[in-house]
Structures are given as structure tokens and as C-alpha cells.
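I opened the notebook to record two lookups: how the nonpolar residues are grouped, and what lies around one of the ligands.

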Amino acid sequence: MAIKRIGILTSGGDCAGLNSIIRAVYAHAKGHFGWEVIGIHNGTAGLLARPVEATALDERVAGSDMLRQGGTILGTTNKGDPFAFLQEDGSHIDRSGEVIEGFRLLGLDALIGIGGDGSLDILRRLAIQGGFQLVAIPKTIDNDLGATELSIGFETAVQTATSALDHLQPTAASHSRVMVLEVMGRDAGHIALSAGIAGGADVILIPEIRYSFAAIEKKLADLRKGGRNFALVIVAEAVRTENGQSITSVHGGGATAMQTYGGIGHYIGTELAKRSGAETRVTVLGHVQRGGTPEPKDRVLGSAFGVHAVDLIAEGKFDRMVAWNSRRVIDVPIVDAIKGAATVDPHGTLVKTARGLGISFGD
Ligand SMILES: Nc1ncnc2c1ncn2[C@@H]1O[C@H](COP(=O)(O)OP(=O)(O)OP(=O)(O)O)[C@@H](O)[C@H]1O
Ligand SMILES: O=P(O)(O)OC[C@H]1O[C@](O)(CO)[C@@H](O)[C@@H]1O
Ligand SMILES: [Mg+2]
């Protein structure tokens, strides 16, 4: 089938670099192939709305301003799973048929879905059920998709977390304190690990490596013996309490309340103060990691992913995700990227690097 009109949507948590993808898709699809590009608003929510919420992208998108902007000009959602759509009374209904109908109403020949593991799983199931042609682009600050070395947004999140450690170090040293920084990442410790190395953390706590307070206290005591008056501890949000409980925050009320990780930093800070007598302070970095100006790497990767995704459609290759591998863009079956969270390898290069630097994982 000759392609004339494609759709694009962003889904899941936003991150820096999404707009560079949208720009690249428009530039290549319109500029090279002459296709119309329809931007769908707020992920699957835009396809559920009636009338469907979408607009044809135009030359304004092609400007370089887009490269500099965080967030997504299309809007996004990480709630309202159409296969299990949450009702006010707490029950779930299947609204996938309505989303597929929304896609049909737009008269699209193919869809570019930009998302993380959860979103790509949902979009792929919709594509199979609705018989539409899908190409995926990986994005998530968590970097937990399989089959790609990098997802859009990760580099900027690591930069933000590193910069937070850069800001915490002088005040930690001035006040002789132990500073605890809690970062995002869902069930993966990638942000904590990379930022911890880049930002000179003394202790990195990630969900993939079990810690004990005894081991952290020993590290702090060793630092003191060596003449250090401060310490930096970075902790990934999914790290559990010492006895294995996860700590979450609830947002909103009633049956539609949402739960995310959040709070482990305060637990670690309080326990360390109690046990070691150190003066601790806790910073929870939160959504600052998602926004902000995209780092060059996210802009370059977003541009490369966008162009390659359009080429895949032109070649008639669907149900595939673009991926970064050994300095180049490749494409892989979407299913390879979503079959399990790509968490930190406890025996991998970066963990070895950190250990080589004398950083403690509290184990
Ligand atoms: N309409 C929806 N679109 C996408 N995800 C949804 C939707 N409704 C609910 N979800 C759920 O929200 C969560 C989104 O978080 P998830 O981490 O998986 O998103 P993502 O697309 O992988 O991106 P990110 O990890 O950056 O948030 C998933 O568990 C997913 O199943
Ligand atoms: O934006 P929300 O709903 O608070 O979700 C936060 C979650 O999304 C992410 O930022 C991206 O998946 C996670 O790191 C974090 O746990
Ligand atoms: Mg995800």
C-alpha cells in the first residue's frame, strides 16, 4: 500500500528529547517522502476522544526550536490503559476497540509510537487487534527497554542527577553532612548508577543489589577515618527498606489514585542518622529529571531514531522498534524490547567501574 498519511504519538512518562523525534519524523516524512504527518494528542487518550484529538503537523514543527524544548508538544499519558480502562468506581473496562476506531477515523496508513515498555506493549496489542502498521521509538528516562543500548531521555536525566550531586557536594562539605539524593528509574537503577559514577557518589544504592546499613555505615566510617567530613549517597527510587519492603507514594484519592515509587531517600537518610550519628539531609529529585533542555545526545539520538522510523515505514517494515547499537541505529522486533525490564547487570561494566573507584553499593 502506498503511504500517504502517517500518525505519530508520544506515550508514557514524558522526557527530554521527544520533540527532536517529532521534528525529525516530520522533516523526513514530509520533506523526503511528501507524506502528511498527523500528531495525535496525549497518547491513546487522543484516540479515545471524540472527535479524535489530533492535528496535522506543519512547517512550524521543522524549526530548530523544537530541538531545545523539553516535554512533548503532542502531550502524553501514563494512565488510561485502553485494555483495562479504570472507571471512577474502581472497575476496569476494555476500550481498545474505541482506540482502534479512533485510529481508523484519522485515515492513517501507519503509526509511529514513541514510548517505554508499558506504552509499547499497549500499542503493539492495539496494532495487532486493529490490524494497523506500527513502528516504535524507544523513550524513557529509566532506560529499561531491552534490545537498545539507549532510550531517549536517559542522558538528560543522568545529566540532571549528576548536576544535583555537583550542587550537593559543596554544601555537604561545608556542613560536614551526609547528603542522600533519591533519583527515579522505576525498577531499574540505571540513572543512579551512571549519575553516581559521574557525580562522585560514595555510596550507590540500586534495586538490583541488596544493601545492609552495616555495610553503608562501614563505608562512611572509612571515609571519616581517611579525613573526609562529608559523603554523597545516591539511591534509586525502587530500592527497598533493609527488610525488603518497597516504599511508594500515592497521588490523588479514591479508586483512581495512582501509586509511584517515592520515599526511600528519606528512609535511608533517617536510618543513617539514627544508626551512625551522621548529620543527614535528603533531596528527592523527582520530575526535574524528566524536564529541562535535552542534552545533545538525546537530540542526536532522537533525530536519528525519527529518520530511521520513517525509513522503516517507507520500506514496509512494521512491528519493529528502532534501537541504538554499537554507534548506529538498527531495528529490532518490538517484542524483543518489551519482553522483560532491562535492569542493571550487577556484574556489568558500570558496576565494576564503580567498585573499582571504591564506591560502595552497601553490599
Ligand atoms: N494509555 C496508556 N498509555 C501508556 N501507558 C499506560 C496507559 N495507561 C496506563 N499505562 C501504564 O502506565 C505505565 C506507564 O509507565 P511505563 O513506565 O511502562 O511507561 P512507558 O511508556 O514505559 O514510559 P516511561 O517508562 O517513560 O513512563 C505502564 O504500566 C502502562 O501499562
Ligand atoms: O509521572 P509519574 O506518574 O509521577 O511517574 C513517575 C515515574 O515515571 C518515570 O519518571 C518514568 O517511567 C519513573 O522514573 C517514575 O517512577
Ligand atoms: Mg517504562
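Which residues is Ile6 in contact with, leaving aside its neighbours within four places in sequence? I worked on a predicted model. For Ile6 I listed Val25, Ala29, Trp35, Glu36, Val37, Ile38, Leu108, Ala110, Ile112 and Ile313.

**Cores**

I then looked up the largest nonpolar core, which has 81 residues. The members that touch the most others are Ile6, Ile8, Ile112, Ile204, Leu205, Ile234 and Ile268. I asked which helix gives this core its largest share, and found α6 (residues 154-175), with eight residues. I also checked where the core sits relative to the domains. Residues come from both domain 1 (5-152 + 294-325) and domain 2 (157-289 + 345-356), so the core lies between them. I noted a second core, separate from this one, with 30 residues. Ile40, Phe83, Phe103 and Phe132 are among its members. As background, I wrote down that nonpolar side chains tend to be buried together in soluble globular proteins.

**Ligand 2**

Next I listed the surroundings of ligand 2: Asn78, Ile141, Asp142, Met184, Gly185, Arg186, Glu237, Met258, Thr260, His287 and Arg290. I looked up three distances to oxygen atoms of the ligand. For Glu237, a polar side-chain atom lies 2.5 Å from a ligand 2 oxygen. For His287, a polar side-chain atom is 2.9 Å from an oxygen of ligand 2. Gly185 has a backbone N or O atom 3.1 Å from a ligand 2 oxygen. Last, I took the coverage: ligand 2 on its own has 390 Å² of accessible area, and the protein covers 89% of it.

Conventions:
Residues are numbered from 1 along each chain as its sequence is written. Chains are lettered from A and ligands numbered from 1 in the order in which they are written. This is a predicted model: local features need pLDDT of at least 70, side-chain atom pairs count only at pLDDT 80 or more; totals for chains, interfaces and linings use all residues. Side-chain values use heavy atoms; hydrogens and water are left out. A nonpolar core is a set of buried Ala, Val, Leu, Ile, Met, Phe, Trp, Tyr and Cys residues joined through side-chain atoms within 4.5 Å. Buried means under 20% relative accessible area, exposed over 50%, partly exposed in between (1.4 Å probe, protein chains only). Helices (H or I, at least four residues) and strands (E, at least two) are DSSP runs, numbered from the N terminus. Domain bounds come from an automatic or database domain assignment. Contact means heavy atoms within 4.5 Å. A residue is near a molecule or strand if one of its heavy atoms lies within 4 Å of it. A polar contact is a pair of N or O atoms within 3.5 Å; within protein, one must be able to donate a hydrogen and the other to accept it, and residues adjacent in sequence count only if both atoms are side-chain atoms. Accessible areas come from the Shrake-Rupley method with a 1.4 Å probe; for residues, only the protein chains shown count as cover.
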